[in-house]
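Please read the following report alongside the coordinates, starting with the packing of one pair of helices and moving on to the chain contact and the nonpolar cores.

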Amino acid sequence: MSIIVQLMLLFLIVCAIAVCVTKDLLTSVVIYMAYSMIMSIVWITMQSPDLAITEAAVGAGITSLLLFLALKKIHAIDARNEVRRKHAEKQRGGEHHGEEE
Amino acid sequence: MAKKNKKSRWIDRMNGWLSDEEGALEREMEAAQEQAAAPDIEKLSPAEIRWAKEEQEEEARIEAAMHDWTEKKALPFARAMYNLLCVGICVTMIALLLYTVTVLPAFGDPSHPINNEVSARYIENGLQETGAVNIVTGMILDYRAFDTLGESSVLFTAAMVVLFLLRKDKDSARYSQLAQTMDQNPHSDTYYEPKNDIILQKTATILVPIVLLLGVYVVLNGHLSPGGGFSGGAIMGAGLILYVTAFGFAKMRRFFTYKTYQRVVLVALLTYALSKCYSFYTGANHIESVIPLGTPGAILSSGLILVLNICVGFIVACTMYCFYAVFRKGEL
């Protein structure tokens, strides 16, 4: 097993942990896409190209797309921007408040 | 007169029950209670009233005792039994499953049939029996074609369920109203449809034909090179999705509507089932199949596998696009 394959397997482990640890749903879907891309290359190195084709099309393409759409449906992407905006406002408000005191 | 009155009331009551009028039963019960309670006080003697009171007290006492018993004994007992049964059933199931695992042959055991007879037979006779150079496709669509039919049907069922749950119903006035408000709401994800993004459109113009061609290639060469119906269908579905994202649903509907989806999937599933029926029938009755296997390596070879691959490819491509469209917009 060459060093590149070992590096890719390491990357897979890191990705898998990152998907679980990440709080933001959109980021975890993007990480999952990266996981699928690397996994399809690993399949090729394991000499199963048909699995690689399927992994690239289904894992990196369609599953992630459907997950994005689901996030959009439950307004998780909008809510994320909303939370950031509120957070920024809060920080600004907090600074303002501090100056007053 | 009175008799007639009673009878008409009886008919009214019957009608009320039959037409499932709301509160018919309750009114009935109230009337019965009034009838029972009305004559009591005036006609009864003091002794009878006292008996009635004693009876009532006795009933109340019994009821209180019953209540106490349920609260203090029966409910805690039921809760304890519930917890006990939960733990007991879980432990029993785990023990059963673990016991089953111990009975399984050891992993990588050379004497296990998986490791000698079956795979060796497939590798030795696969090319002769199925005519497919790609042994994986020969396995999936010939030896185990029944599984693949099940998989296609599962995909079809999943698409049907998604359609049931997410498809907008045009007949329902309430829903069309809701859809209208959704389309007019800037926060809704269908408001900016189609987006007409110039970068996406130019990229799609170049990429979509290539992606679709690659999908068709993978499907048609399923028995010769890696891939097959499912992978090729997924690639074609991805191409359709890219097209619809770039150019919008109005352009897509010129050649792909709900009716197209229904017809394509129905015809593909039926063709698959019928051709597999034929080969099962001939195989079970030891009749020589009239479909020639052809020379291995040619496009028109390996009997029914090419047909089955095309069927599976159509089903998967249409279903992937259907998933996307229904999730995105609620209709095809």
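In this predicted model, α9(B) and α10(B) pack with their axes 8 Å apart and at an angle of about 165°. Because angles over 145 degrees count as roughly antiparallel, α9(B) is described as roughly antiparallel to α10(B). The crossing in which α9(B) passes α10(B) is left-handed. Where α9(B) is in contact with α10(B), the residues comprise 17 nonpolar and 8 polar ones, with no charged residue among them.

The contact between the chains comes next. On the side of chain B, 19 residues are in contact with chain A, which contributes 15 residues of its own. Two elements of chain B, α10 and α13, each give two or more residues to the side that touches chain A, and α10(B) gives the most, with 7 residues. The residues on this side of chain B divide into 12 nonpolar, 5 polar and 2 charged.

The two sets of contact residues are set out by class below.

| Set of residues | Nonpolar | Polar | Charged |
|---|---|---|---|
| Contact of α9(B) with α10(B) | 17 residues | 8 residues | no residues |
| Side of chain B that touches chain A | 12 residues | 5 residues | 2 residues |

Chain A has 4 helices and 0 strands, so that, by the definition of helices and strands as DSSP runs, its elements run α-α-α-α from the N terminus on. Of its 101 residues, 19% count as buried. Among the contacts in chain A with a separation of 6 or more, 47% are between residues 24 or more positions apart.

Which residues of the largest nonpolar core touch the most other members? In this core of 49 residues, they are Ala234(B), Ile315(B), Met320(B) and Tyr321(B). The core draws at least two residues from each of several helices, namely α3 (49-73) of chain A and, in chain B, α6 (135-143), α7 (145-166), α9 (198-220), α10 (229-247), α12 (258-284) and α13 (305-329). The element that gives the most to this core is α13(B), with 18 residues. Leaving aside residues up to four places away in sequence, Tyr321(B) touches Gly237(B), Leu240(B) and Ile241(B). Another core, of 5 residues, lies apart from the largest one, and its members include Val29(A), Ile31(A), Tyr32(A) and Met39(A).

Terms used. Residues numbered from 1 in each chain as written. Chains lettered and ligands numbered in written order. Predicted model: local features only at pLDDT ≥ 70, side-chain atom pairs only at ≥ 80, totals over all residues. Core = buried A, V, L, I, M, F, W, Y, C linked by C-beta atoms within 7 Å. Buried ≥ 20, exposed ≤ 12 C-beta atoms within 10 Å, placed from the backbone. Contact = placed C-beta atoms within 7 Å. Axes fitted to C-alpha atoms, helices over the stretch in contact; angles between N-to-C directions. Parallel < 35°, antiparallel > 145°, perpendicular 65-115°, else oblique. Left-handed = near helix turned anticlockwise from the far one by under 90°. Nonpolar A, V, L, I, M, F, W, Y, C, P; charged D, E, K, R; others polar.
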